[in-house]
Amino acid sequence: MRATAPDGTHPRPMMCREHWTSLDGTWEFASDPTDTGLSERWFDSAESLPERIEVPFPPESPASGLGRTQFQHVVWYRRGLDVDAIAPDGLDGRRLLVHFGAVDHRAQVWCDGRLVTTHEGGQTPFTADLTHTLSGGGSHVIVVRAEDDPVVPDQPRGKQDWRERQHGIWYDRTTGIWQSVWAECVPEDHIAEVSWTPDPAKGISGEITLSRVPRETAAVEVSVRLGEELLAEQSTLVKAGMVSLDIPIDALRNAQDRDRLLWSPEHPTLIDIEVRLRERASGAELDSVTSYAGLRSAGVDHGVFRLNDHPYYVRSVLNQGYRPQTHLAARDTDELRREVEIIKELGFNSVRIHQKCEDPRWLYWADRLGLLVWGEAANAYAYSASAVSQFVPEWTEIVRRYRSHPSLVVWVPLNESWGVSDIAATPAQRSYSHALSELTRALDPSRPVLSNEGWEHVDSDILGLHDYSAAEEMRARYVDREALDDVVLRARTPHGRRPLLSDAQEDAYLAGDTPVMITEFGGVSLAREGDEAESWGYSSVTSDQAYAEALRAQFDALRASSELAGVCYTQLMDTGLETNGLIFADGTPKLPVETIRAIVTGEPPR
């Protein structure tokens, strides 16, 4: 049993209850390539599975205790569940929920041999309600089956290798559970989801989703605080399963005093929110949760990115989120916090999480410490009706999961035409890219969207371009509007692809409305003389001095442009065979932090 604290340990930091129980740790495990377990009803067997695994680390990772990188089509997990430890006072009409942060890719969950839930999508959370399977307290058994085809190209995969042995810029796969598993007890009538949309001039809008419409008349009460200062309170009658609120914050009306309430990387002010569900007649509290929000706006206008309605130059770094010992998982919240800290220390104000949906605690630290985030997802490798039908519902869940985080300022449903490789010639693929942008805006109209990051754009609010050319080539290519027009309008891109694939996209660019950013560049590998390890980068140098000079030349070349609204360097950390990070795989910077910071910011060392 754990009490909620603002320390980033809660696996769902955007909506916390007072107590929760981690189910991470040692589980029984079996790899099942022939799917024997289903036919032999492992989900209903009293016998233990043959191996042990440390959850939430995928079986391919060393931290799991297995380090098994060969293909694993189906895996099984099993563990005991002590209801008395989770609910010392008994359930007493409450429900017992087990939450799974992410299981790649298709999951089934049983409790005491009874199927309680299924889920498809390896990047999104789901919940198993065990209540109806429990005959009382004491010990029970949870079994999880995960199916993850290692080679099918229609399934969202990101950078998980389709070959059995890791090659090139691809990484060992992540199969099964890879984010935290945890349990909590909730009332029959409880708060199921909260989301917040800030308006820095007025206040905050909220959506409170309930488990059901309460049988008795009930109200949702929301209080908003900055430390001990009460900013707003509101109470609304519950008439449906979802309650919408517009909460004005009177303190925002004083424009001269507004900045102290606003969130930015330089001043990451968070406001605390408490939500209560209360029976109206008796005044009895049915449920309560704590949450938070950041008052900020993110948008584009007249060719610039705007944060809180002010032009804001984006200095971003690409982060693969793949770690040597834990792969897509993270060892703990301290590791996640340290990644955010080192990004800021190196001089960046933004990060692009590449082909992955990061642990919500990572976003919590970006919110808390102040770092802009571009929200991306693992893409498929092929276009088909199956690929579309798999990704659209998963992307919908992704947007809903992360939309309340103030640090997240841009959505990226597709990257470099992954899953739409023939987009320039195929109308259906252009329609899909356009539809994803419109779907994203329908779900969350408060953030810019890139329809196809880096390559062919159909309906993007920001024109992201990828360029791994030498410094002087980039300087000439983007130095002024005339040079930029040559790249954008006449397709003089390094990769030869047309950046603009729709009349509307071209019109927006010609009108000067669409910001242009170089959202991948650099990729310089440092392979010191005498290093025997295999290395890869878009370019390579052999000494610290040459490395510093190469970095400085590239950042200076793009900083010289009068037209660019931001940049994103590839990449933060050495990952797999990619040795083009600013820090080594163990987290050690390749140059002194103050040296890298001066290069990134263009300011002298502090």
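Me: By class, how many nonpolar, polar and charged residues does the lining of the largest cavity have?
Reply: This is a predicted model, where local features need pLDDT of at least 70, side-chain atom pairs count only at pLDDT 80 or more, and totals for chains, interfaces and linings use all residues. A cavity is a set of points on a 1 Å grid over the protein atoms alone where a 1.4 Å probe fits but can't get out, and lining residues have an atom within 4 Å of a point. Ala, Val, Leu, Ile, Met, Phe, Trp, Tyr, Cys and Pro count as nonpolar, Asp, Glu, Lys and Arg as charged, and the others, Gly among them, as polar. The split is 7 nonpolar, 8 polar and 6 charged.

Me: Which residues are closest to the centre of the largest cavity?
Reply: That cavity holds about 180 Å³ of space, with volume being the space filled by probe spheres set on the points, joined across faces, edges and corners. It's lined by 21 residues, and the closest to its centre are Arg157, Gln160, Leu328, Gln355 and Ala378.

Me: How do the residues lining the second largest cavity divide?
Reply: This one has a volume of about 80 Å³. Its 13 lining residues include Cys357 and Leu408, both among those nearest the centre. They divide into 9 nonpolar, 1 polar and 3 charged.

Me: Is valine 479 buried, partly exposed or exposed?
Reply: Buried means under 20% relative accessible area and exposed over 50%, with partly exposed in between (1.4 Å probe, protein chains only). Numbering runs from 1 along each chain as its sequence is written, and side-chain values use heavy atoms, leaving out hydrogens and water. Because its relative accessibility is 34%, valine 479 counts as partly exposed.

Note on methods: 1 Å grid on protein atoms, 1.4 Å probe; cavity = no way out; pocket = protein on both sides within 12 Å on 5 of 7 lines; lining within 4 Å.
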